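Student: I have a model open on my screen and would like to learn how to read it. Can you take me through it feature by feature?

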Amino acid sequence: MQMTHSGKVLVIDNDPERAEALARLVTGAGFTADITTDVTNSTQSLSDASDLDVILCELDLEGVSWGEAKRTLREMNVQVPVIMFSDEASSADMMTALRLGANDFFARPVEDAQALFDSMDRCVRQRQMSRELRQSRKRLESANRELNRTVRVLEQDQQAGRQVQLRMLPVSPMVIGDYVFSHTVIPSLYLSGDFTDYFTVGQDHVVFFMADVSGHGSSSAFATVLLKNLFARKRSDYLRKTDGTVLDPVRMLGLANKELLDLGVGKFATMIVGALDMASNRLRYAVAGHLPLPVLVSDAGADYLPGEGTAVGMMPDAAFEAQEVPLPESFTLALFSDGILEILPPDNLIEKESFFLDVFRQGSESPAALVTRLGLDSVATAPDDIAALFVSKRANRE
């Protein structure tokens with residue numbers, strides 16, 4: 001089976017017949033080719049080279065000063081990969097091509113067309129990666145600008161800062177196939193130390209976390225901004241560098257621990273970080289001193305998921321433990337910040353945690369029903385911040 005190639009090519013040669021022959025060769029393999037024979041004005045063809053993938057250029061061009069051409073292309077910031085051709089396969093020609101920054105060199109006649117196509121494919125992939133990196137860099141720069149604006153607003157106005165913080169929360173609900181992700185946040189003050197987030201990573205994973213930062217006010221809110229930015233950066237690293245750190249809850253807690261310590265404002269946070277593999281319906285997670293523990297509700301009942309560890313931002317050598325569980329075909333996973341314990345009727349922590357679990361054991365209902373049963377839909381403000389994150393899956397019974 002013959003491989004089909006793709007990519008937009010520009011052929012530069014002042015010999016029209018030679019240029020046409022080369023263009024026919026590469027278009028026959030699947031590439032799209034344009035030709036420029038007016039080489040003295042060829043830089044005009046490169047003034048908007050954003051859609052070009054590779055340039056096929058004759059080395060022995062008449063009336064061309066390669067030194068001047070190289071300076072012109074550098075000033076225009078043209079970064080399209082170049083393959084050069086010459087009638088001679090001399091070492092001098094090859095060295096000239098390399099000094100000019102060519103990706104490859106071929107002597108005429110091209111005896112191994114497949115080698116040329118393979119070289120062009122490499123250039124196309126390089127160009128595509130360059131575009132993706134440039135787009136990712138723009139997105140990251142935009143996120144950093146938004147982060148800086150957020151910090152300024154938090155410092156200037158607590159109420160406005162609270163509105164910005166709410167806008168940082170993910171869309172609720174977020175539906176992906178049979179999975180539904182939703183959240184509820186009830187602040188005790190304008191600026192909350194509680195935060196939750198979830199986002200897709202690749203085709204099959206959703207990463208989520210809950211953080212309960214110590215204290216209230218702008219410094220606690222700033223710590224939530226820092227944590228959100230950390231996860232956004234590592235998601236970007238996954239897309240740009242295939243760095244899988246964001247899918248490793250233990251490593252993410254380690255990074256969160258370091259960033260809070262480096263912040264130097266005396267803030268620590270309890271956290272839960274999870275990575276849901278939707279393809280296998282399995283959950284990897286790690287807990288950093290967070291209470292209450294996650295509650296898994298299914299037809300089999302409701303129970304706390306195990307986990308323990310030190311809060312992040314307290315000690316440099318904090319250790320965290322990875323947990324992995326297969327999930328039922330139908331379930332609701334509920335994560336709450338410890339503010340929920342403040343509004344429960346019992347007097348001591350053990351009784352509160354037992355009461356909390358009994359609420360879930362009364363039935364595997366929707367997150368909205370659980371919020372109502374816990375009384376959160378009637379709470380305007382609370383003694384402490386309350387954040388809730390729900391991950392639900394309903395089995396397709398068709």
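Tutor: Start with one residue. This is a predicted model. Phe 268 is partly exposed, because its relative accessibility is 33% and the partly exposed class runs between 20% and 50%.

Student: Where does Phe 268 sit in the fold?

Tutor: Look in the loop between α8 (249–263) and β10 (269–277).

Student: Which residues join Phe 268 in a nonpolar patch on the surface?

Tutor: Met 314 and Met 315. Together the three have about 260 Å² of accessible area.

Student: Let me step back. How many helices and strands does the protein have?

Tutor: The count is 11 helices and 16 strands. The chain has 398 residues, and 47% of them are buried. About 19400 Å² is exposed by the protein, and carbon and sulfur atoms supply 50% of that area.

Student: What do contacts say about the chain as a whole?

Tutor: Check how far apart the partners are in sequence. Take the contacts with a separation of 6 or more: 69% of them are between residues 24 or more positions apart.

Student: Now the interior. What is the general idea?

Tutor: In soluble globular proteins, nonpolar side chains tend to be buried together. Here the largest nonpolar core has 56 residues. Strand β9 (residues 205–213) gives the largest share of this core, with 7 residues.

Student: Which members of the largest nonpolar core touch the most other members?

Tutor: Phe 231, Met 271, Val 312 and Leu 333. Take Met 271 as the example. Beyond its neighbours within four places in sequence, its contacts include Phe 209, Met 210 and Ala 211. Phe 231 and Val 312 are also among the contacts of Met 271. Another core lies apart from the largest one. That core has 20 residues, among them Val 295, Ala 302, Phe 356 and Leu 374.

Student: Does a loop residue have to be exposed? Is Arg 108 buried or exposed?

Tutor: Check the number for each residue. Arg 108 lies in the loop between β5 (104–107) and α5 (113–156). Arg 108 counts as buried because its relative accessibility is 19%, and the cut-off is under 20%.

Student: What is Arg 108 in contact with, leaving aside its neighbours within four places in sequence?

Tutor: Its partners are Asp 13, Arg 18, Leu 22, Glu 58, Phe 85, Ser 86 and Asp 87.

Student: Where is Val 80 found?

Tutor: In the loop between α3 (66–76) and β4 (82–86). Val 80 is buried, at a relative accessible area of 8%. Now compare sequence with space. Val 80 and Arg 127 are 47 residues apart along the chain, yet 6.8 Å separates their C-alpha atoms.

Student: May I try Pro 170? Is this residue buried or exposed?

Tutor: Buried, at 13% relative accessibility. Pro 170 sits in the loop between α6 (158–168) and β6 (174–176). From Pro 170 to Phe 199 is 29 residues in sequence and 7.7 Å from C-alpha to C-alpha. Setting aside neighbours within four places in sequence, Pro 170 contacts His 183, Thr 196, Asp 197 and Tyr 198.

Student: Last point: cysteines. How many disulfides are there?

Tutor: The test is a pair of cysteine sulfur atoms within 2.5 Å. By that rule there are 0 disulfides. Cys 57 is buried at 5% relative accessibility. Cys 123 is also buried, with a relative accessible area of 2%.

Notes:
Residues are numbered from 1 along each chain as its sequence is written. This is a predicted model: local features need pLDDT of at least 70, side-chain atom pairs count only at pLDDT 80 or more; totals for chains, interfaces and linings use all residues. Side-chain values use heavy atoms; hydrogens and water are left out. Buried means under 20% relative accessible area, exposed over 50%, partly exposed in between (1.4 Å probe, protein chains only). Patches are made of residues with over 30% relative accessible area and no salt bridge: like charges are joined within 9 Å, nonpolar side chains (Val, Leu, Ile, Met, Phe, Trp, Tyr) within 5 Å. Accessible areas come from the Shrake-Rupley method with a 1.4 Å probe; for residues, only the protein chains shown count as cover. A salt bridge is a side-chain nitrogen of Lys or Arg within 4 Å of a carboxyl oxygen of Asp or Glu. Helices (H or I, at least four residues) and strands (E, at least two) are DSSP runs, numbered from the N terminus. A nonpolar core is a set of buried Ala, Val, Leu, Ile, Met, Phe, Trp, Tyr and Cys residues joined through side-chain atoms within 4.5 Å. Contact means heavy atoms within 4.5 Å.
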